Amino acid sequence: MTTEIYSPGLEGVIAGETALSTVADGLSYRGYPVTELAEKATFEEVAYLLLHGELPTSQQLADFQQRIASARRLPGPLINLLGVVPREASSMDVVRSAVSILAHFDPDTSDSSPAANLRKAERLLGQIPVAVAAHHRLARGQAPYTARPDLGQAANFLYMLRGEEPTPVAARALDVSLILYAEHEFNASTFTARVVCSTESDLHSSIVAAIGALKGRLHGGANEQVMELLQKTGGPANAEKWVRAALAKKERIMGFGHRVYKSGDVRAGILRSYARQAAEAAGMLQWEETAAIIERVLAAEKQLFPNLDWPAGRLYHALGLEIPLYTPIFVMSRVSGWSAHFIEQQQHNRLIRPRGRYIGPEARSVRPLAERG
Ligand code: ACO
């Protein structure tokens, strides 16, 4: 059946069903409001909820953490590759390649059963942060640190970057950002993951494609651009002049606006206090002040409000993380949502194959090459 409905960018189109999350009445994952999850749960509990359907018991969580911790290793050829990719390679391209290589070494690559997909998803949760941290260090001529099985996802990642255990406050701030980045119904990268799944392809291929979609500056790439933008303003004294000039030139202000949230993103409100607290601890309040000025101008002039990337970029900067790590951190988290969507799509699969509205030339006949001059 072909229904002649066309919405540019599929805006407002229901493109499938999901039990994973809804943005109705504020974002919730499997029925739990993210506000509550960010307050009462850890990223690992949330990843378990997304993948397994319910919040874990203490024993289920311990087993899950143990499985993830034991996956925090990379095959030798991948470590070698991470050491030789060109220095200027984008960190998102590197994480995309890393997942692709991990597929070659995964014992379940060709097994597409739901149980094997869960095992692969849990392994990727362990492996991706190790690959991101290892590449970050190798690109700077530093040896990677061995993962710490006793630390959670956020604390272990910070440990692997610096070789020292982070403060509980820093680890929790990163952890909350991972919770907020974990899942967001049919966003562009998740939809990409589901399209790949719908062709009966495999989980790693789906995640590789999703990483490619996330990289763009209109999606996950925005969190890196946020900090670059704030730095470009020069600070609070010049921020208002800078943002007004940018708006006059019709520039996009990264970290603002959203396809679904037109009056504000609940996740941005949650992470904002963590960004401020981290900035205070790091003596970087000038970026919070700059951000507040830009928020005020964009609300007044364009009725545009911050999305999650706006506080996330500032939080990561205040935690001392370098900008190329920001979108890979998004991957470390969203791999849980992507994988859960893959498993859900597989369970109720129908090939995703929409139609295009043709706007090309009228039907015409081919002139042989010799007659075309
Ligand atoms: N800065 C300036 N103007 C903006 C912005 C922005 N960030 N976002 C939207 N607008 C303006 C557009 O220019 C347009 O104005 P016009 O009607 O005068 O031409 C109007 O608002 C509508 O914009 P669209 O692009 O049609 O809205 P859409 O729903 O497609 O946009 C998007 C959503 C792509 C996220 C957009 O708001 C944007 O580009 N934001 C910046 C990138 C960003 O922060 N992405 C992160 C998304 S959230 C996430 O991935 C966690």
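**Exercise 1. Describe the surroundings of Glu183 in this predicted model, beginning with its polar contact to His341.**

*Solution.*
Step 1. The side chains of Glu183 and His341 are joined by a polar contact of 2.8 Å.
Step 2. Glu183 is placed in the loop between helix H8 (168–181) and helix H9 (188–198).
Step 3. Once neighbours within four places in sequence are left aside, the contacts of Glu183 include Leu20, Tyr29, Leu50, Arg334 and His341.
Step 4. Glu183 is buried but has no salt bridge. A salt bridge requires a side-chain nitrogen of Lys or Arg within 4 Å of a carboxyl oxygen of Asp or Glu. The nearest side chain of opposite charge, that of Arg334, is 5.4 Å away.

**Exercise 2. Determine whether helix H8 is largely enclosed, and compare its span with the expected one.**

*Solution.*
Step 1. H8 consists of 14 residues and extends 20 Å from its first C-alpha to its last, close to the expected 20 Å.
Step 2. Of these 14 residues, 11 are buried, so H8 is largely enclosed by the rest of the structure.
Step 3. Among the buried residues are Ala170, Leu174, Asp175, Ile179 and Tyr181.

**Exercise 3. Explain which parts of the structure the salt bridge between Arg140 and Glu322 ties together.**

*Solution.*
Step 1. Side chains of opposite charge can pair when their charged atoms come close.
Step 2. In the pair Arg140 and Glu322, the closest N and O atoms are 3.1 Å apart.
Step 3. Arg140 belongs to the loop between helix H6 (114–138) and helix H7 (153–162), and Glu322 to the loop between helix H15 (309–318) and helix H16 (326–347); the pair therefore ties together parts that are 182 residues apart in sequence.
Step 4. Arg140 is partly exposed at 33% relative accessibility, and Glu322 is partly exposed at 38%.

**Exercise 4. Place the salt bridge between Arg119 and Asp111 in its network.**

*Solution.*
Step 1. The side chains of Arg119 and Asp111 form a salt bridge of 3.9 Å, N to O.
Step 2. Arg119 is partly exposed, with a relative accessibility of 37%, and Asp111 is partly exposed at 30%.
Step 3. Both residues belong to a network of salt bridges that links Asp106, Asp108, Asp111, Arg119 and Arg123.
Step 4. In the whole structure, 21 salt bridges are found.

**Exercise 5. Identify residues that approach the ligand.**

*Solution.*
Step 1. The ligand is surrounded by 21 residues, the closest being Arg252, Ile253, Gly255, Phe256 and Arg259.
Step 2. A backbone N or O atom of Phe256 is 2.8 Å from a ligand nitrogen atom.
Step 3. A side-chain N or O atom of Arg259 lies 2.9 Å from an oxygen atom of the ligand. For Asn307, a side-chain N or O atom is likewise 2.9 Å from a ligand oxygen atom.

Methods: Residues are numbered from 1 along each chain as its sequence is written. This is a predicted model: local features need pLDDT of at least 70, side-chain atom pairs count only at pLDDT 80 or more; totals for chains, interfaces and linings use all residues. Side-chain values use heavy atoms; hydrogens and water are left out. Helices (H or I, at least four residues) and strands (E, at least two) are DSSP runs, numbered from the N terminus. Buried means under 20% relative accessible area, exposed over 50%, partly exposed in between (1.4 Å probe, protein chains only). Lys and Arg count as positive and Asp and Glu as negative; His and the chain ends are not counted. A polar contact is a pair of N or O atoms within 3.5 Å; within protein, one must be able to donate a hydrogen and the other to accept it, and residues adjacent in sequence count only if both atoms are side-chain atoms. Contact means heavy atoms within 4.5 Å. The expected span of a helix is 1.5 Å times one less than its number of residues. A residue is near a molecule or strand if one of its heavy atoms lies within 4 Å of it.
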